[in-house]
Amino acid sequence: KSSGLSDSVGSVDDDEIDFSILDNKKKTSTYLTKWISNRNTKLKEKGLIDDNIPNYNAPGSSVGVSDTIYGVSLSTVLKKYGGPIPPIIRQCKEIIEKTSLQEVGIFRLSGVASQVNQLGKDFFTVGATPDLSIDCNAVAGALKKFFRELPEPLFTFEAHDEFLNATREADKVTALKTSLASLPRENYLIIHYLLKFLKEVSKHSDVNKMAASNLGIVFGPTLMRNKEESLSGMMNPLNNPAGTISALIENFEAIFGDDPEELNAPSEGSSSPKTKTRTALQTGVGDALITRNSDSNLGFKPPPTRKARSSTTSTPGKPARSASPVPGNSGVSGLAGIISQQIQSSPTVQRKPAVPTKRASPVAERKPSIPPKPVIPPKPTVVPTEAEKPPLPQKPTLPPKPEPKEYAHTLYDFVGDPALGQMSFSAGDKIEILKKHNSGWWTGELRGTKGLF
């Protein structure tokens, strides 16, 4: 302690300090934690909150540990799942491109939130193949959410203003090329892959109503987030990421050109389902169909052919066995030859004797035939004669409905000129309107007197 502090405060022993407030804080914290946990349990039982609310009291609680691919940095995703295109981007793009390019409002309509969140958990597992046969809007929503929740957007914070300025240039194609060159290589490859796909989506805009401008509105704030997302920044007319994305889609061929070599090479993290093809191999006895994977990484290699022996081998008590090739298959090798040899060497299957047909039972022949049903004559219809028909009563004639009368209530006194056919009236009189003229004067009747008013 300094001498100044000792003089002003004086020396105080540790034994004289009251530490009970710390114990009280600890007790209060423990009590509140238990109360919150018990409250969550009761609310779950009543169905008022979801089961995803963590239990902070549970031993070994994994609160804060992520189980979804959403919110993971791009570098971590590429390192964990392989690149240059992560599986969530590749698989979502391929299924939409295959089934939903003409879906009205694709990427604009929202999918079911539970399905979108489940896809994030499924893609979190390395090598997983999630079920993408669900609603296409949920698949599109998962792709958008992956980009939207990246800690740093695909068009980085540092290059945000540069892209906005490039869009406002007269030669925006050259300016956008320069801006793209400043991005990290892994970001550029994903942008190239994604915008090429969005260009394909915009080609079906006459059906799906998603032109480049609409796609720019959807993906602009997702791919080009501003680091300072304040209200003033969002309302700034110069901050228009939708225009940048729209320009990149519309001028894709002029800006990006051919695909980079990295995108043409097989992806390490690609987990697209392997299709199967049926290949016909010519054998000595016909065509054999063999199913194999069409993946280029799983090349098909026929087994090596065995060399024919020129000598014969024999064992005591057994006839000599020739090692010459199977006749009729001298020109067939590999798997086709093996199939042909197996078919020819297999013993012939004898045909089963035909099962004799059963003779008709004599009992069935003795059954008498059922007699036909008798024809019932139709009932005669009695048509009444004209004399028997009673005369119809005549409809009574109804008197014509009187036309509804229309009246005008005067608001002030008026003295008309009888020479001009005008009538005089006082305020509050009720004048029956007989005719309305285009000149603005009406013909009316007041107390038996007709005139203009």
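Of the 453 residues in the protein chain, 29% are buried (under 20% relative accessible area; over 50% is exposed and anything in between partly exposed, with a 1.4 Å probe and protein chains only). This is a predicted model, in which local features need pLDDT of at least 70, side-chain atom pairs count only at pLDDT 80 or more, and totals for chains, interfaces and linings use all residues. Residues are numbered from 1 along each chain as its sequence is written, and side-chain values use heavy atoms, with hydrogens and water left out.

The protein chain has 17 helices and six strands (DSSP runs numbered from the N terminus: H or I of at least four residues for helices, E of at least two for strands). About 32,600 Å² of the chain is exposed, and carbon and sulfur atoms supply 54% of that area (Shrake-Rupley method, 1.4 Å probe; for residues, only the protein chains shown count as cover). Among contacts (heavy atoms within 4.5 Å) with a separation of 6 or more, 60% are between residues 24 or more positions apart.

**Cores**

The largest nonpolar core (buried Ala, Val, Leu, Ile, Met, Phe, Trp, Tyr and Cys residues joined through side-chain atoms within 4.5 Å) has 63 residues, of which F107, F147, F155 and L180 touch the most other members. Helix α9 (residues 185-202) gives this core its largest share, 10 residues. Leaving aside neighbours within four places in sequence, L180 is in contact with F155, F163, Y188, I191, L248, I255 and F256. A second, separate core has seven residues, including A408, M423, L446 and F453.

**Helices α7 and α13**

In helix α7 (residues 160-167), the buried residues are H160, F163, L164, A166 and T167. Viewed down the axis of α7, they fall within an arc of 160 degrees, so they line one face of the helix (the arc is taken from the directions from the helix axis to the C-beta atoms). Their cover includes α8 (172-181) and α13.

Helix α13 (residues 241-250) contains S246, and I249 is found in α13 as well. Not counting residues up to four places away in sequence, S246 touches A212, S213 and G216. With such neighbours again left out, I249 touches L195, L198, K199, S202, A212 and L215. The C-alpha atoms of I249 and L195 are separated by 6.0 Å, although these residues are 54 apart along the chain.

**Aromatic pairs and cysteines**

The whole structure holds nine aromatic pairs (rings of Phe, Tyr and Trp, the last by its six-membered ring, with centres within 6.5 Å; planes under 30 degrees apart are stacked, over 60 edge-to-face, the rest tilted). The rings of F252 and F256 have centres 4.8 Å apart and planes at 25 degrees, so this pair is stacked. Both residues lie in helix α14 (residues 252-256), four residues apart, about one turn of the helix.

W442 and F453 form an edge-to-face pair, 6.0 Å centre to centre with 90 degrees between the planes. W442 lies in strand β5 (residues 442-446) and F453 in the segment after β6 (449-452), so the pair ties together parts that are 11 residues apart in sequence. Ring pairs link F414, F425, W442 and F453 into a cluster.

The structure holds zero disulfides (a disulfide being two cysteine sulfur atoms within 2.5 Å). Two cysteines appear among the residues tabulated here.

| Residue | Relative accessible area | Class |
|---|---|---|
| C92 | 0% | buried |
| C136 | 10% | buried |
| S246 | 9% | buried |
| I249 | 0% | buried |
| F252 | 5% | buried |
| F256 | 7% | buried |
| W442 | 28% | partly exposed |
| F453 | 17% | buried |
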